[in-house]
Amino acid sequence: MSIVSYELRGDIGIVRVNNPPVNALSHALREGITNTVNAARDDASRALVIVCEGRTFIAGADISEFGQPPRAPLLPDMLLAIEASDKPVVAAIHGTALGGGLETALACHYRCALASAKVGLPEVKLGLLPGAGGTQRVPRLAGVAAALDMITSGAPLAAARAADLGLLDRVFDGGDLLQQALDYSRELIAAGAPARRVRDIGIDPASAPAELFSQYREKLARRARGQLAPQHIVSCIEAAVSQPMDDGLTTERQLFMECLQSPQSAAMRHLFFAEREAAKVKDIARDTPRREIASVGIIGGGTMGGGIAMNFANVGIPVQLLEISDEALQRGLGIITGNYAATVKKGKLSEEQAARRRQLISGTTDYADLAQVDLVIEAVFENIDIKKQVFAKLDTICKPGAILATNTSYQDVNAIAAATGRPQDVIGMHFFSPANVMRLLEVVRADKTAGDVIATVMQLAKAIHKVPVLSGVCYGFIGNRMLGHYGREAQLCLIEGATPEQIDTALQNWGMAMGPLAVGDLAGLDIGYKARQGLTEEQKGDPKTYAIADALVEMGRLGQKSGSGYYRYDAETRARIVDPAVMTVVEEQAQKYGIERRAFTDEEIVNRLIFALVNEGARILEEGIAQRAGDIDIVYVNGYGFPAYRGGPMHYADSLGLKTVYETICEFRDRFGEKNWTPAPLLQQLAEAGRRFSD
Ligand code: 3H9
């Protein structure tokens, strides 16, 4: 079947689009629709219906074509052809009409959809803005305030909501979309409905005072810190109010092109494809049969275990939560109930939905209750001996074929698997805290993990709305292993002369969600302290990398939970306050280790922390712990607050040029020593060959 086909059924022309998998607006599709609509001008049709085959209406521009020379007809040209038709054109929507797909529908004269459909303009998530009239047509139909919310968030709307806003004219509860769209078109013809164009709708300037835009800009400067596209979207919507349609379209096009050519959009488009690649395991066939996961057991009802349980209950999978004592169990279940109540209070879930989800989680203190579950996830204290005991026990209880997963952040999954007689069924599922919120899931493949276990867990991750990334076994896997090097440099910058505030502000201004020391305060400084107590002096490494943290903990400064750590925290507002007492500790420790503190530039701080990530990332890639550089980027953006608009550490290094990164690391090696700064051989090799991690 060709990409676009045409059928005259009675007096209605059906324009059928068939460009799997998501009907993206490739060049051939744009050409096909433009030619078909133009050709239909002179035929016997009295109305046209645009409908799509497959799983969805057009899901947007073809992202893989961005960055290539544009080929006519461009999308705006195609939309002008549709809009100019004298015969009413009706868009019939199912699945997701996104980006250029929704813009196509908005250029049509009428829009109908199945109730299950969603519509949205997600371009901002790609560092872009809608470049084919979305910013001009949405405010004309839905009003300026709704347009600002919809386009700057990129969030899709359910059909019913879109109809309330005026974006859809008719919503069908279910049934045959094409048949209902044809009936609707006949109704329009019978009523003599004209080819009604959104461009002819005026916007009342009083509905969009200048303050609305300035307030929105300020809000976005905080919410989407450092990002170009959201601010440009506001400018486009402002133009929709102040300029005639064609001028508004010109403004939109100019700003779209600026976004398209920006490094920010290149980074975010890289992440779009990297996320989809990360879900694929290179040496496991796509059609590997999966094991069925219809019930889950979770061991450990603490914050982590409870959060993990919610992920499954949220998609209708029943969970047995196991704790050692009834008291601990009730506490754990109580936290889950509280979390659901908070979500209801925020208006994100109805009481009934929350109750249904909560009921899917039952508690037990008896391992025997896990005998029939399809998957067990262990989330107990981070101690290898305890974990081995748990797995030895699971081995005696769980049914054959059950997947046995550990949520460990650091421990050796091979050693855990060896505690069972079925290492092929053992895998790591490393969730990030809070586990019901954070999207990242590191899936840790041990030496003997079976292919179908990996394939099952990767698919299950998507089903619970996580972004899975496969990691091999090593201390800390991908994310925490790299973080160790980032944290080390933060400590060294601190003892060598920077202040906590300078370090955190430098990283935050660069784009990290939080600075490293503020993150330490949030997580609790006692966690690292306790972990270090179990290590030998040799394992602990250079004391300069933890002396300050240890001193703070020994003063009772455990971070936010004790009201002070690297900062003080206001008891009521939790606001962060710079505390001179910390500088006394820092100076004492510097003196103790014979360090003469010096001035730091923000650039040195950022380079030392971020290049420490990159250098370790290169080793991880070289060792085959990560499958691809893009996987590492996905880990950092989804699990560690790395700015999406910089594309992740490996993409960022590629965008700077690996030669520059390599030379800076060599300079650090000469200044600070080989121990911390020997360039990864892969980095050196790629830099010398003028290549990139992504090649
Ligand atoms: C835009 O429209 C700009 C305009 O305003 C202006 C232009 C002038 N292009 O996600 P999935 C591939 S910007 C190319 O796993 P799902 C994807 O890579 C665009 N390829 O499926 C994957 O390939 P593979 C605005 C695309 O069912 C396969 O399709 N639109 C595109 O979980 C399946 O994808 C968007 O941002 C694309 N646009 O989710 C929508 N979309 O199998 C982006 C998908 O080789 N897309 N592919 O790995 C989505 O959000 C989801 O794909 C969707 C389906 C919800 C549609």
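Here are a few worked exercises on a predicted model, each with a solution in steps.

**Exercise 1. Classify the aromatic pair formed by Trp510 and Phe642, and say which parts of the chain it ties together.**

Solution. Begin with the overall tally: there are ten aromatic pairs in this model. For Trp510 and Phe642, the ring centres lie 5.3 Å apart and the planes meet at 80°. Planes over 60 degrees apart count as edge-to-face, so this pair is edge-to-face. Next, place the two residues. Trp510 belongs to helix α19 (residues 500-510), while Phe642 is in the loop between α26 (629-639) and α27 (649-656), so the pair ties together parts that are 132 residues apart in sequence. Finally, check the surroundings: Trp510 is buried at 8% relative accessibility, and Phe642 is buried too, at 2%.

**Exercise 2. Are the rings of Tyr636 and Tyr640 stacked or edge-to-face, and which cluster do these residues belong to?**

Solution. The centres of the two rings are 4.4 Å apart and the planes differ by 15°, so the pair is stacked. Tyr636 is buried, with a relative accessible area of 1%, and Tyr640 is buried at 16%. Now bring in Phe432: ring pairs join Phe432, Tyr636 and Tyr640 into a cluster.

**Exercise 3. Find the arginines that lie over the rings of Phe600 and Phe672, then describe the setting of Glu604.**

Solution. Over the face of Phe600 you will find Arg598, at 4.1 Å from the ring centre. Over the ring of Phe672 sits the charged end of Arg608, 4.1 Å from the centre. Now turn to Glu604, which is part of helix α25 (residues 602-622). Glu604 has a relative accessible area of 12% and is buried. Setting aside neighbours within four places in sequence, the contacts of Glu604 are Arg598, Arg671 and Phe672. Arg598 and Phe672 therefore appear twice in this exercise: Arg598 lies over Phe600, Phe672 lies under Arg608, and both are in contact with the buried Glu604.

**Exercise 4. Work out how α1 packs on α2, and how α5 packs on α8.**

Solution. Take α1 (residues 27-39) and α2 (residues 75-84) to start. Their axes come within 9 Å and cross at roughly 20°, which makes α1 roughly parallel to α2. The crossing is left-handed. Arg30, Ile33, Thr34, Val37 and Asn38 of α1 make the contact with Leu75, Met78, Ala81 and Ile82 of α2.

Continue with α5 (residues 144-153) and α8 (residues 210-223), whose axes are 12 Å apart at an angle of about 20°. These helices are therefore roughly parallel, and their crossing is right-handed. Residues that meet here include Val144 and Leu148 in α5, and Leu212 and Phe213 in α8.

**Exercise 5. Locate the cis peptide bonds before Pro21 and Pro73, and the positive phi values of Asn23 and Arg574.**

Solution. Keep the background in mind: most residues other than glycine have a negative phi, and most peptide bonds are trans. Pro20 and Pro21 are joined by a cis bond with omega of about 5°, and Pro21 lies in the loop between β2 (12-17) and α1. Ala72 and Pro73 are also joined by a cis bond, with omega of about -5°; Pro73 is in the loop between β3 (47-52) and α2.

For phi, Asn23 has a value near 55° and lies in the loop between β2 and α1, where Asn23 is buried at 2% relative accessible area. Arg574 has phi near 65° and lies between β18 (568-569) and β19 (576-577), but Arg574 is exposed at 59%.

Note on methods: Residues are numbered from 1 along each chain as its sequence is written. This is a predicted model: local features need pLDDT of at least 70, side-chain atom pairs count only at pLDDT 80 or more; totals for chains, interfaces and linings use all residues. Side-chain values use heavy atoms; hydrogens and water are left out. Rings of Phe, Tyr and Trp (its six-membered ring) pair if their centres lie within 6.5 Å; planes under 30 degrees apart count as stacked, over 60 as edge-to-face and the rest as tilted. Helices (H or I, at least four residues) and strands (E, at least two) are DSSP runs, numbered from the N terminus. Buried means under 20% relative accessible area, exposed over 50%, partly exposed in between (1.4 Å probe, protein chains only). A charge sits over a ring if NZ of Lys or CZ of Arg is within 6 Å of the ring centre and within 35 degrees of the ring normal. Axes are lines fitted to C-alpha atoms, for helices over the stretch in contact, and angles run from 0 to 180 degrees between N-to-C directions. Angles under 35 degrees count as roughly parallel, over 145 as roughly antiparallel, 65 to 115 as roughly perpendicular and the rest as oblique. A crossing is left-handed if the near helix is turned anticlockwise from the far one by less than a right angle, and right-handed if clockwise. Contact means heavy atoms within 4.5 Å.
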